[in-house]
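Good morning, and thank you for the opportunity to present at this meeting. I would ask you to look at the sequence and the structure together as I go through the fold.

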Amino acid sequence: MNVHQSSNHPLSLYLLLQLQVRSRKLKERRKQGDTMALKLWASSTANALRISCSSRPALPAFSIFRSFSSVIEGLKYTGSHEWVKQEGAVATVGITDHAQGHLGEVVFVELPESGAAVAKGSSFGAVESVKATSDVNSPVSGEVIEVNTKLTETPGLINSSPYEDGWMIKVRPIDPSEVKSLMGSKEYTKFCEEEDAH
């Protein structure tokens with residue numbers, strides 16, 4: 001800041017000094033504000049990446065941290081990120097680890113009633129997270145014979161155990177060949193890697 005002194009009057013000198021002190025304080029506050037903003041950004045980024053600075057050793061500056069979702073052998077997968085486990089005449093359905101990872105913390109699950117008909121590729125329910133609400137599509141056509149009622153009270157099971165406790169519905173498929181036409185674990189892993197690369 002440039003302040004021109006118009007006279008040598010003591011009051012003018014006093015005002016000039018006050019302006020200089022305020023200018024210095026303002027610069028210091030801006031530096032502190034920039035530092036605080038940087039700390040907040042770093043903290044929110046670390047939370048988003050699920051990195052805890054206190055529990056993990058520091059990574060080198062050139063290191064890239066990337067987390068891949070789990071894909072289970074023996075299950076079948078859809079392009080809309082549902083999984084199916086065929087056991088005899090029953091197909092258990094849920095959303096994949098990849099899907100729950102992108103959704104974030106699940107806070108509500110909408111499921112059909114037992115006895116409802118579902119069609120391959122059509123929505124049978126929804127998952128609401130802190131980020132978004134997503135429809136869940138049925139990978140097979142058939143009749144819903146069981147619904148995971150635990151998800152009503154504990155929707156977070158989809159996050160903590162997407163392939164076990166977080167299953168959504170059990171279906172009696174009309175055509176078992178629909179399950180066979182879905183992606184296996186290797187195809188689904190490749191599909192997710194390509195999708196994430198875009």
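Let me begin with a term: two strands are said to pair if DSSP finds at least two bridges between them. Strand 3, residues 90-95, and strand 9, residues 169-173, pair in the antiparallel sense over three bridges. Within this pairing, Ala 91 has Val 171 of strand 9 as its bridge partner. Please bear in mind that what you see is a predicted model.

I turn now to the overall content. The chain has six helices and nine strands. Of its 198 residues, 31% count as buried. The accessible surface of the chain comes to about 13,300 Å², and carbon and sulfur atoms hold 55% of that area. Among contacts in the chain with a separation of 6 or more, 61% join residues 24 or more positions apart.

The strands just mentioned, 3 and 9, belong to an open sheet of six strands, whose order is 1-2-3-9-8-5 and whose pairing is antiparallel. At its edges are strand 1 (76-77) and strand 5 (117-118), each of which pairs on one side only.

There is also an open sheet of three strands, in the order 4-6-7, again with antiparallel pairing. Why is one side of strand 4 and of strand 7 left without a neighbour in the sheet? Strand 4 (106-110) and strand 7 (133-137) stand at the edges and have a single partner strand each, so one side of each lacks a neighbour there. From one strand to the next, the twist averages 25°. Strand 4 pairs with strand 6, residues 123-129, in the antiparallel sense over four bridges. Here Val 109 stands opposite Val 127 of strand 6.

Let us move to the interior. In soluble globular proteins, nonpolar side chains tend to be buried together. The largest nonpolar core in this model has 23 residues, and those with the most contacts inside it include Ile 95, Phe 124, Val 127 and Met 168. Among the elements that each supply at least two residues of this core are helix 2 (97-103), strand 8 (142-147) and helix 4 (157-160). Strand 3 gives the most, with three residues.

Ile 95 deserves a further word. Leaving aside its neighbours within four places in sequence, Ile 95 is in contact with residues including Trp 83, Leu 103, Val 127, Val 136, Ile 158 and Met 168. Finally, a second, separate core has seven residues, among them Tyr 163, Trp 167, Tyr 188 and Cys 192.

Methods
Residues numbered from 1 in each chain as written. Predicted model: local features only at pLDDT ≥ 70, side-chain atom pairs only at ≥ 80, totals over all residues. Heavy atoms only, no water. Axes fitted to C-alpha atoms, helices over the stretch in contact; angles between N-to-C directions. Buried < 20%, exposed > 50% of the residue type's maximum accessible area, 1.4 Å probe, protein only. Contact = heavy atoms within 4.5 Å. Areas by Shrake-Rupley, 256 points an atom, 1.4 Å probe, with all protein chains shown as cover. Core = buried A, V, L, I, M, F, W, Y, C linked by side-chain atoms within 4.5 Å.
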